[in-house]
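Work through the exercises below with the model open beside you. Each task is followed by a solution in steps.

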Amino acid sequence: MITKLMQTFISRRNFLGTTLTLPVASTALGVSAIAAEKTKDHSENTHSKHSQIDKESHGGHDSNTTVGNVDHERNGFDPHKILTDWDLGKTHIDSSGRRIREFEMIAVDTEIEIAPGIFFPAWTYNGRVPGPTLRAQEGEHLIVNFINAGTHPHSIHFHGIHAARFDGVSKGDGLVWPGESFTYEMPAEPFGCHLYHCHATPLKRHLHKGLYGGFIIDPDPEKHPENIEAARSRVIGTPENNQWQEFIMVMNGFDTNFDDENEVYAANTIAHEYMKKPIKVSRKRPIRIYLINLTEFDPINSFHIHANFFDYYDHGTTLTPTLKTVDTIVQCQGQRGIIEMSFANHEPGKYMFHAHQSEFAELGWMSLFEVVDNA
Ligand SMILES: [Cu+2]
């Protein structure tokens, strides 16, 4: 089944002249095939198109990924940059000696391309999905200035510790209406890998439209003398931290035809982006992934690495692993954690990682690390 969005896009670009027949829509074919695969339904017409697509997709492509490329410049964000573009805000020391860290967030309606030729009418924080990765340090006082420049009421609900009036929920006057603004304040605690999202109702729609992002609180090493080395290694910008190759990955999905099922899945929004352009890593330095699940409509998502094992810190709130030597973890929506692993003893090459729900992987959540001697 083809979404109205796709039809609009395809006719806009004149790919097909006046008639829309799936198999010749080559730039969108991979995703057309997977979208059709997801919605085995509705009409005989759909079925005949479907069988043609199957032949094309199995005969024409060898890597079972989307075909073509997403225009990241048009989107205004690049999933390769999102991996590491921490938003550290601005800091100052107030009169009482507290370190204040201040962030700017703006909600805007933004059409984004989530797979080649597939456009999605997203609601975003700061024009991107996921929103900015806010990063602070344990013990700081946080101020988040939020403007709603969108067309619906929104909020920011942080998974952290804060007063009720800063909880951003629709039942407690927590909504910020279009054209209005609100300032959230909270302590940066506990340290860990957290998240934020809009909490306006209907929640599933506001969340799935793209209003979410990572919220990382680095530990204060002074407070953790028993694990001071581990704590230091998590503090962005320190020499200990610079040994690590850190990435954020937000697992998400997109319901392109609004039937409460996802047609496209990814880590950091763009289907199969890290398959086509693998994430280059050095085998000599360990890897730390801040992994967050914000997939709507599916009860769980997962992360599986090929040819390797990792340690896992559930919620990132401990400095010793909560799971050791695993190659797969599962997260429900809102769950998150930190993965640590190394390719030091591996030969260089491309190593796959993906959701271990094959359907999610085939619909976009499949990726590669390209392990090299020096990255
Ligand atoms: Cu919202």
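**Exercise 1. A strand and its partners**

Which residue in S19 stands opposite Tyr-290? Then place strand S14 among its partner strands and describe its burial.

Solution. Keep in mind that this is a predicted model.

Step 1. Tyr-290 lies opposite Ile-338 of S19.

Step 2. Extend this to the whole strand pair: S14 and strand S19 (residues 336-341) are antiparallel and share six bridges.

Step 3. Go to the other partner. Strand S11 (residues 245-254) runs parallel to S14, and seven bridges join the two. Here Val-250 is opposite Ile-292 in S14.

Step 4. Check the burial of strand S14 (residues 287-293): seven of its seven residues are buried.

Step 5. Sort these residues by side. In a regular strand, side chains alternate between the two faces of the sheet. On one side of S14 are Ile-287, Ile-289, Leu-291 and Asn-293, on the other Arg-288, Tyr-290 and Ile-292, and both faces are covered.

**Exercise 2. The six-stranded sheet**

In what order do the six strands of the open sheet that includes S14 lie, and which are the edge strands?

Solution.

Step 1. The order is S12-S11-S14-S19-S16-S17, with mixed pairing.

Step 2. Read the edges from the order: strand S12 (264-267) and strand S17 (323-326) each pair on one side only.

Step 3. Add the twist. Ignoring direction, neighbouring strands of this sheet are turned by 20 degrees against each other on average.

Step 4. Inspect the S12 edge. S11 and S12 run antiparallel and are joined by four bridges, and Met-251 stands opposite Ala-267 in S12.

**Exercise 3. The five-stranded sheet**

Why is one side of S13 and of S18 left without a neighbour in the sheet?

Solution.

Step 1. Write down the order of this open sheet of five strands: S13-S21-S20-S15-S18, again with mixed pairing.

Step 2. Strand S13 (279-282) and strand S18 (328-332) are at the edges and have a single partner strand each, so one side of each has no neighbour in the sheet.

Step 3. From one strand to the next, the twist averages 25 degrees.

Step 4. Look at S18 and its partner. Strand S15 (residues 300-305) pairs with S18 in the antiparallel sense over five bridges. Phe-303 has Ile-329 in S18 as its bridge partner.

**Exercise 4. The core**

Which residues touch the most other members of the largest nonpolar core, and where does this core lie?

Solution.

Step 1. The core has 78 residues, of which Ile-114, Val-264 and Trp-365 touch the most other members.

Step 2. Domain 2 (75-230) and domain 3 (247-372) both contribute residues, so the core lies between them.

Step 3. Set this against the whole chain: 45% of its 375 residues are buried. The chain has ten helices and 21 strands.

Step 4. Consider sequence separation. Of the contacts between residues at least 6 apart in sequence, 71% join residues at least 24 apart.

**Exercise 5. Confidence**

Over which residues is the pLDDT below 50?

Solution.

Step 1. Start with the chain: the average pLDDT is 87, and 83% of the residues score at least 70.

Step 2. Residues 1-53 have a pLDDT below 50, with 73 contacts in the model beyond near neighbours in sequence.

Step 3. Residues 55-61 are also below 50, and this stretch has seven such contacts.

Step 4. Where pLDDT is low, the predicted coordinates should not be read in detail.

Technical notes:
Residues are numbered from 1 along each chain as its sequence is written. This is a predicted model: local features need pLDDT of at least 70, side-chain atom pairs count only at pLDDT 80 or more; totals for chains, interfaces and linings use all residues. Two strands pair if DSSP finds at least two bridges between them. Axes are lines fitted to C-alpha atoms, for helices over the stretch in contact, and angles run from 0 to 180 degrees between N-to-C directions. A residue is buried if 20 or more other C-beta atoms lie within 10 Å of its own, exposed if 12 or fewer, and partly exposed in between; C-beta atoms are placed from the backbone. Two residues are in contact if their C-beta atoms, placed from the backbone, lie within 7 Å. pLDDT is the predictor's confidence in each residue, from 0 to 100. A nonpolar core is a set of buried Ala, Val, Leu, Ile, Met, Phe, Trp, Tyr and Cys residues joined through C-beta atoms within 7 Å. Domain bounds come from an automatic or database domain assignment.
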